[in-house]
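Ready for a little backbone practice? Have the sequence and the structure open, and try each task before you read its solution.

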Amino acid sequence: MAALSLTAMAGIDATVGPAFAAGAKDWPTRPVKLIVPAKPGGGTDAVVRILATKLETVAGRPFAIVNQPTGGGSVAAETVRAARPDGNTLLFYHSGLLSSYHSGVYSHNPATEFTTIAMMPVGGSQALAVGPDVGIDSVEDLVTKAKAAPDSVTMGVQLKGASHFMAGLFMRDSGAPFRLVEAGSDADKFTALQGGNIDAAIVNTSGALQYAEAGKLKILGTVTGRPERDPGAPDYPSMVELGFKNTMYGFDFMVLGPKGLDPGLTDRINAVFGEVINDPAIQEQLAKMNLPISFMDRDASVERIVTSEKKIGEVAAEIGLKN
């Protein structure tokens, strides 16, 4: 393909940039696709479906959820990265995509090769859970069993994803030689735990609570971005509380668009998501799911993703997953 001349490029910039800026207040002018790298039924999917209903009310257009769970988020991310920068194709996922980048699953840096629209820190946690019939009642039991028979106790994760990072931190803290196996999404992990196909897994606490209450799995501890217990699961100790000082890992949900999204349009989309997230009814639904979410404006969101990307890169190097 022939290169564009500088004159032609200047003409494109003069035409497209102001057009996006002028039309930003009217976004969206047609249905918006929310590309979600998760299967229906998991925590991420549940959150985006709650938000989509309110987004349609606030923005006045349909929001179609497109689930693309394959490739550890890479397929969905590429769908958005390659889309037109018009605000009509957006990625809704979490900071696990940063983990995927730093472990080599995905080759494009989410912090620099997309437009960061919104970062939404999650106040909940992830749970270290075991199946109901494995004879394990505590983290100490789990570690002891793994050390007694190295590579025999299976830990279900999404390989090179966020749960892999958390499992790696726990293994370094405990010295337990678990056999890490690919177990898919949270929905897949819950099924595998109940069926005895894996011994343990790291799953979203909000989803795990209902299974634990029904006696279908046991929660041994929680992994959060802080040392304290998860307020939404106060009966379960944090891993730091149990003595695993480095087993901390926080999550952010995020909305990303293709690189080159007009700043005015980006601000408009951020404002719409902010209005939805801060709606008391939405906050109440999220609290019931034990997924309290806070919202950041665009400048804070950009700062957050840059800081998070750096930190996750450091963790990847520490546990031997550095891309």
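Three short exercises follow, each with a worked solution.

A note before starting: this is a predicted model, in which local features need pLDDT of at least 70, side-chain atom pairs count only at pLDDT 80 or more, and totals for chains, interfaces and linings use all residues. Residues are numbered from 1 along each chain as its sequence is written, and side-chain values use heavy atoms, with hydrogens and water left out.

**Exercise 1.** Work out in which sense strands E6 and E7 pair, and what unit they make with helix H6.

Step 1: Find E6 at residues 154–157 and E7 at residues 179–182. Helices (H or I, at least four residues) and strands (E, at least two) are DSSP runs, numbered from the N terminus.

Step 2: The two strands pair in the parallel sense over four bridges; pairing requires that DSSP finds at least two bridges between them. In E7, Val181 is the bridge partner of Gly156.

Step 3: Add H6, residues 162–174: E6, H6 and E7 form a right-handed β-α-β unit. Right-handed means that, with the strands pointing away from the viewer, the path from the first strand over the helix to the second runs clockwise.

**Exercise 2.** Find the residue that a cis peptide bond joins to Trp27, and place it.

Step 1: The residue is Pro28, with omega about -5°.

Step 2: Pro28 sits in the loop between H1 (6–23) and E1 (32–36).

**Exercise 3.** Locate Lys160 and describe its phi.

Step 1: Look in the loop between E6 and H6.

Step 2: Lys160 is not a glycine, yet its phi is positive, about 70°. Most residues other than glycine have a negative phi.
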